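Hi,

I'm passing this structure on to you, since you haven't met it before. Have a look at it first, and then read on for what turned up.

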Amino acid sequence: MKARLVWALAVVVGALSGLALAQSAPKQPGDGASAREKLVGAWRLAWMEEPGPDGIIIRITDRKGTLMYTRDGRTSVQIQFPESRSSASNDYVLNGYEASFGTYEINEEAQTITRHVEGSITRGLVGKRLTRAYRFYDGRLTMRAVRSEERWSVTWERY
């Protein structure tokens with residue numbers, strides 16, 4: 001009898017512990033959530049797709065990155081290129097590193113996010129408005145340029 005009581009008590013304590021953990025776990029926005037609700041949080045770079053030298057789109061997985069969106073409309077992005085491309089520089093990247101921060105707005109009807117760059121490792125981006133098309137699927141966020149001649153995309157996964 002005493003063994004059954006101890007076993008039952010252990011089951012109840014275990015169940016209550018599991019319930020407490022489930023209630024404290026961060027909630028992921030559901031399908032009915034707004035784009036802003038789905039966007040808010042921290043994302044890690046999963047892969048990038050861009051045209052290779054022959055024009056064929058290739059998936060690139062050797063870059064590391066973090067993207068963050070806050071409820072109050074702030075955003076920040078950082079991407080580290082691999083050592084082999086550490087000297088890469090362009091409008092977004094300086095010495096193999098991309099970083100910027102600012103504010104954002106969402107147009108759910110057009111499915112676009114516009115970032116207002118307040119600061120960047122490449123000063124030429126400061127003051128720019130960068131509009132990107134977005135799509136959520138399978139817990140991922142994919143962004144791509146809105147201009148058809150720019151054939152790249154970036155896919156992020158939640159941390």
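To follow the strand partners below, one definition helps: two strands count as paired if DSSP finds at least two bridges between them. Please also keep in mind that this is a predicted model.

A good place to start is strand S1, which covers residues 41–51. It runs antiparallel to strand S3 (residues 64–69), and 4 bridges join the two. Within that pairing, Ala 42 has Met 68 of S3 as its bridge partner. S1 also pairs in the antiparallel sense with strand S10 (residues 153–158), this time over 6 bridges. There, Ser 153 of S10 stands opposite Glu 49.

Strand S2 (residues 57–60) is antiparallel to S1 as well, with 4 bridges joining them. Pro 51 is matched with Ile 57 of S2 as its bridge partner. S1 and S2 form a hairpin with 5 residues between the strands, and Gly 55 in this hairpin takes a positive phi near 90 degrees.

Now for the largest pocket, whose volume is about 500 Å³. It is lined by 27 residues, and the closest to its centre are Met 48, Tyr 92, Glu 98, Trp 152 and Val 154. Which strands each supply at least two residues of this lining? They are S1, S3, S4 (74–80), S6 (97–107), S8 (129–137) and S10. By type, the lining residues divide into 15 nonpolar, 8 charged and 4 polar.

Enjoy exploring it!

Best wishes

Technical notes:
Residues numbered from 1 in each chain as written. Predicted model: local features only at pLDDT ≥ 70, side-chain atom pairs only at ≥ 80, totals over all residues. Heavy atoms only, no water. 1 Å grid on protein atoms, 1.4 Å probe; cavity = no way out; pocket = protein on both sides within 12 Å on 5 of 7 lines; lining within 4 Å. Points joined across faces, edges and corners; volume = space filled by probe spheres on them. Nonpolar A, V, L, I, M, F, W, Y, C, P; charged D, E, K, R; others polar.
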